[in-house]
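The following exercises concern one protein model. Each task is followed by a solution in steps.

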Amino acid sequence: MRAFYLPYNSHMAKTLDLERRLISGKKLSLEKLLHKQGFGSRKLCRIMILNEEITVNGALCDDPDAEFELENLSYTVKGEPWEYKEKSYLMMHKPANYECSHKTQHHPTIYSLLPHPLVERGVQCIGRLDEDTTGLILISDDGQFIHRMSSPKHKVPKIYEVTCKHPIVEANIHALLSGVKLIDEDETIAALEVKQISERVIHMTLAEGKYHQVKRMVATISNRVEALKRIQIGDLKLPDDLKAGEWRWLQLPC
Ligand code: URA
């Protein structure tokens with residue numbers, strides 16, 4: 001399984017480091033650890049083990065009570081390779097025409113792009129993207145991490161590539177940077193940074209994640225978003241080789 005090595009980013013790096021320290025020296029029985037990793041009930045996990053469907057660190061294990069150190073533990077389930085993760089931290093390149101909720105209305109859910117055990121673990125995306133928006137989305141089952149990354153208090157900056165219907169002029173960029181008034185918001189809201197990429201494309205950095213924020217901000221400059229892609233969260237960039245619909249583990253550099 002491929003992992004993405006996270007650039008040093010305060011919230012994410014601290015969390016991932018803590019996770020590593022939490023499992024250091026800890027052991028679990030094979031039955032318990034498979035259950036914890038989302039492979040079904042204890043009974044189902046026991047049956048898979050007894051049926052010789054599991055290998056651990058390269059060797060077949062048919063003893064459900066055999067104990068293993070969790071740190072750096074790798075195992076296979078029905079031939080598919082996995083690594084033990086106390087908590088799941090992932091990034092996904094969200095494709096268009098997928099919804100970010102578990103119970104979707106018009107399109108498939110992004111969770112259908114993940115392996116079933118991860119969904120069983122109760123992963124959630126951190127801040128939603130609209131169904132027609134593509135790009136970087138973080139997913140986790142660590143409630144504290146989700147809260148810290150999505151809390152308006154922490155102002156994690158996000159960069160969007162915005163393709164507009166009409167050309168963007170200097171005065172528009174100035175307006176987005178000075179602050180625009182959105183309907184139903186009391187305060188004006190400003191982009192942290194706006195870079196013009198081409199006549200109709202800008203990279204806009206936002207500190208908040210309000211509902212349809214980019215589209216609403218662009219509407220205030222009498223323009224319209226034709227395509228929207230999130231290309232960065234904090235200092236984590238959407239990797240060029242992560243194709244739409246693909247996901248990857250987040251990891252700290254060793
Ligand atoms: N702003 C929007 O308008 N839509 C998104 O999906 C994300 C930010």
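**Exercise 1.** How many bridges join strand β9 to β10, and do the two strands run parallel or antiparallel?

*Solution.* The model is a predicted one, in which local features need pLDDT of at least 70, side-chain atom pairs count only at pLDDT 80 or more, and totals for chains, interfaces and linings use all residues. Residues are numbered from 1 along each chain as its sequence is written.

Step 1. Strands (E, at least two residues) and helices (H or I, at least four) are DSSP runs numbered from the N terminus. Two strands pair if DSSP finds at least two bridges between them.

Step 2. Strand β9 (residues 124-125) is joined to β10 by two bridges, and the strands run antiparallel. Cys125 has Ile139 in β10 as its bridge partner.

**Exercise 2.** Determine which other strands are joined to β10, and state whether β10 is buried or exposed.

*Solution.* Step 1. Strand β8 (residues 89-94) runs antiparallel to β10, with six bridges between them. Here His93 has Leu136 as its partner.

Step 2. Strand β16 (residues 225-233) is joined to β10 by two bridges, and this pair runs parallel. The partner of Gly135 in β16 is Arg230.

Step 3. A residue is buried if 20 or more other C-beta atoms lie within 10 Å of its own, exposed if 12 or fewer, and partly exposed in between, with C-beta atoms placed from the backbone. Seven of the seven residues of β10 (residues 134-140) are buried, so the strand is largely enclosed by the rest of the structure.

**Exercise 3.** Describe the setting of Ser150, beginning with its helix.

*Solution.* Step 1. Ser150 belongs to helix α5 (residues 143-150).

Step 2. Ser150 counts as partly exposed because it has 17 C-beta neighbours inside 10 Å.

Step 3. Two residues are in contact if their C-beta atoms, placed from the backbone, lie within 7 Å. Leaving aside residues up to four places away in sequence, Ser150 touches Ile126, Gly127 and Gly209. Gly209 is 59 residues from Ser150 along the chain, and their C-alpha atoms are separated by 8.1 Å.

**Exercise 4.** Which residues are around the ligand, and which helix gives the most to this shell?

*Solution.* Step 1. A residue is counted here if its C-beta atom, placed from the backbone, lies within 6 Å of the molecule. The residues around the ligand are Leu129, Asp130, Thr133, His212, Gln213, Val214, Lys215 and Leu228.

Step 2. Helix α7 (residues 213-220) gives the most, with three residues.

Step 3. Ala, Val, Leu, Ile, Met, Phe, Trp, Tyr, Cys and Pro count as nonpolar, Asp, Glu, Lys and Arg as charged, and the others, Gly among them, as polar. The shell thus divides into three nonpolar, three polar and two charged residues.

**Exercise 5.** In what order do the four strands of the open sheet stand, and which strands are at its edges?

*Solution.* Step 1. The order is β4-β3-β6-β7, with antiparallel pairing.

Step 2. β4 (59-60) and β7 (80-83) stand at the edges with a single partner strand each, so one side of each has no neighbour in the sheet.

Step 3. Strand β3 (residues 54-56) pairs with β4 over two bridges in the antiparallel sense, and Thr55 stands opposite Leu60 in β4.

**Exercise 6.** Summarise the overall architecture.

*Solution.* Step 1. The protein has seven helices and 18 strands, and 26% of its 254 residues count as buried.

Step 2. An automatic or database domain assignment supplies the domain bounds. These give domain 1 (3-83) and domain 2 (157-233), whose C-alpha centres lie 43 Å apart.

Step 3. The C-alpha trace spans about 70 × 35 × 35 Å along its principal axes.
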